[in-house]
Amino acid sequence: MKPPAFEYVAAADLDEALETLAEPSLETRPLAGGQSLVPMLNFRLAAPERLVDLNGIEELSRIEETGDGGLRLGAMVRHRQLESDPLVARRVPLLAEAAPFIAHPQIRSRGTVGGSVAHADPAAELPAVLLTLGARVRIVRRSRGGEPGSRVERTLDLDDFFLGPFFSALEPDELLTAIDVPPSAPGEGTAFDEVARRRGDYALAGVAARVRLNSGGVCEDAAISLVNGGSTPCLMREAAQALVGAEPTLEALEAAAATCAETSEPAADMHASEAYRRHLIRVLTKRVLSRAADRART
Ligand code: FAD
């Protein structure tokens with residue numbers, strides 16, 4: 001399969017990428033790892049007139065500690081880095097736990113954090129994991145009508161970023177530059193799990209959870225989000241709220257898992273019925289909440 005013809009710009013730095021995106025004569029798309037965009041081109045599901053390649057922009061590939069103890073993941077950080085970077089494992093173990101579930105090693109070596117979030121696929125792991133962690137996205141564009149090189153930046157809660165399947169709050173001239181992951185609080189535990197037909201396939205369903213317990217073992221805060229549980233990567237607020245103020249007993253976890261399954265909106269497709277996906281969501285939610293609570297206790 002061959003993609004439709006397009007112009008190609010290998011951006012040397014962020015300014016060149018932003019200038020290219022802002023230049024209106026050709027419809028332009030950023031190219032990150034290409035693991036979703038290139039198949040879309042080959043299947044003619046997308047036909048941009050120009051691609052601006054972000055792979056040469058060194059500043060987008062960094063993982064940095066933020067002043068508050070969190071992490072800033074540059075948009076071009078590869079999935080593989082999340083698996084192997086000791087700082088990520090120490091600061092945000094949920095990312096290191098979930099990354100190996102994304103596709104296969106070859107794809108993880110190319111695919112990027114920014115590409116996965118910008119692609120807004122409800123079946124992707126990272127959007128759900130980052131939602132559970134309360135991440136924020138950093139977005140930059142060239143100032144419209146301003147001096148060349150002048151930039152406008154905005155940050156958005158990830159929860160406000162996903163607007164529909166494969167549809168986000170990004171404007172065509174905007175670039176996602178980084179994702180800020182807040183520090184984990186004392187007494188917090190996290191977990192991720194999914195079910196796929198084969199290792200490396202997209203998940204039939206997946207669940208990420210975060211639980212914070214006080215010294216008496218009572219849940220003070222919780223977050224749950226789903227992979228393939230709705231038309232967008234989604235936080236399950238009602239289910240998480242059901243845990244707050246109570247000890248995470250087996251009954252409490254079962255009740256939260258049941259609420260999560262009931263309030264989810266999974267689709268039916270050739271791989272699984274809606275009822276089967278709801279069943280998986282219920283089982284996985286109980287499992288990851290239980291693991292997250294155990295980790296919070298220790
Ligand atoms: P690209 O493909 O380069 O871009 C994707 C989209 O995001 C494009 O529209 C592009 O213009 C836009 N974009 C990219 N970067 C930016 C940016 N910084 N700012 C603004 N827009 C941007 N993913 C999973 O989560 N789970 C899986 O199980 C899984 N399995 C896969 C199996 C196969 C066989 C393949 C080929 C891919 C699979 N993927 C899976 C997708 C993979 O994780 C991709 O890497 C990811 O979805 C997109 O990242 P990318 O860097 O490749 O982005």
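**Buried strand positions, nonpolar cores and ligand surroundings**

Leu213 lies in strand β12 (residues 205-213). The model is predicted. Leu213 counts as buried because its relative accessibility is 7%, below the 20% cut-off. Beyond its neighbours within four places in sequence, Leu213 is in contact with Gly187, Val218, Cys219, Glu220, Pro248, Ala293, Ala296 and Arg297. Leu213 and Arg295 are 82 residues apart along the chain. Their C-alpha atoms are separated by 9.9 Å.

A second buried position was examined in strand β11 (residues 188-195), which holds Thr190. Thr190 has 12% relative accessibility and therefore counts as buried. Its contacts, leaving aside neighbours within four places in sequence, are Leu94, Glu97, Leu133, Ala209, Arg210, Ala292 and Arg295.

The domain assignment divides the chain into domain 1 (7-53), domain 2 (62-181) and domain 3 (188-297). The centres of domain 1 and domain 3, taken over C-alpha atoms, are separated by 36 Å.

Nonpolar packing was considered next. In soluble globular proteins, nonpolar side chains tend to be buried together. Here, the largest nonpolar core has 40 residues. Leu95, Leu130 and Phe161 have the most contacts inside this core. Two or more residues come from each of β5 (71-74), α4 (86-91), α5 (93-98), α7 (113-119), α8 (125-132), β6 (136-142) and β10 (174-181). The most is given by α8, with five residues. The core draws on both domain 2 (62-181) and domain 3 (188-297), with at least three residues from each.

Leu130 illustrates the packing. Leaving aside neighbours within four places in sequence, Leu130 is in contact with Leu73, Leu95, Val113, Val117, Ala135, Leu158, Ile179 and Val181. Another core, of 29 residues, lies apart from the largest one. Among its members are Cys219, Ile224, Ala256 and Ala292. Two of these names recur in the contact lists above: Cys219 is in contact with Leu213, and Ala292 is in contact with Thr190.

Strand pairing involves β5 on two counts. Strand β4 (residues 63-65) pairs with β5 in the antiparallel sense, over three bridges. Within this pairing, Ile63 has Leu73 in β5 as its bridge partner. Leu73 is also in contact with Leu130. The two strands form a hairpin, with five residues between β4 and β5. Gly69, in the turn, has a positive phi of about 95 degrees. β5 also runs antiparallel to β10, and four bridges join these strands. Opposite Gly74 stands Ala178 in β10. Both β5 and β10 are among the elements that give two or more residues to the largest core.

The ligand has 29 residues around it. Of these, Pro30, Gln35, Leu37, Thr112 and Glu125 come nearest. Backbone atoms provide two of the polar contacts. A backbone N or O atom of Pro30 lies 2.6 Å from a ligand oxygen atom. For Leu37, a polar backbone atom is 2.7 Å from an oxygen atom of the ligand. His79 uses its side chain: one of its polar side-chain atoms lies 3.1 Å from an oxygen atom of the ligand.

How values were computed
Residues numbered from 1 in each chain as written. Predicted model: local features only at pLDDT ≥ 70, side-chain atom pairs only at ≥ 80, totals over all residues. Heavy atoms only, no water. Core = buried A, V, L, I, M, F, W, Y, C linked by side-chain atoms within 4.5 Å. Buried < 20%, exposed > 50% of the residue type's maximum accessible area, 1.4 Å probe, protein only. Domains from an automatic or database assignment. Contact = heavy atoms within 4.5 Å. Pairing = 2+ DSSP bridges. Near = heavy atom within 4 Å. Polar contact = N/O pair within 3.5 Å; in protein donor to acceptor, adjacent residues only side chain to side chain.
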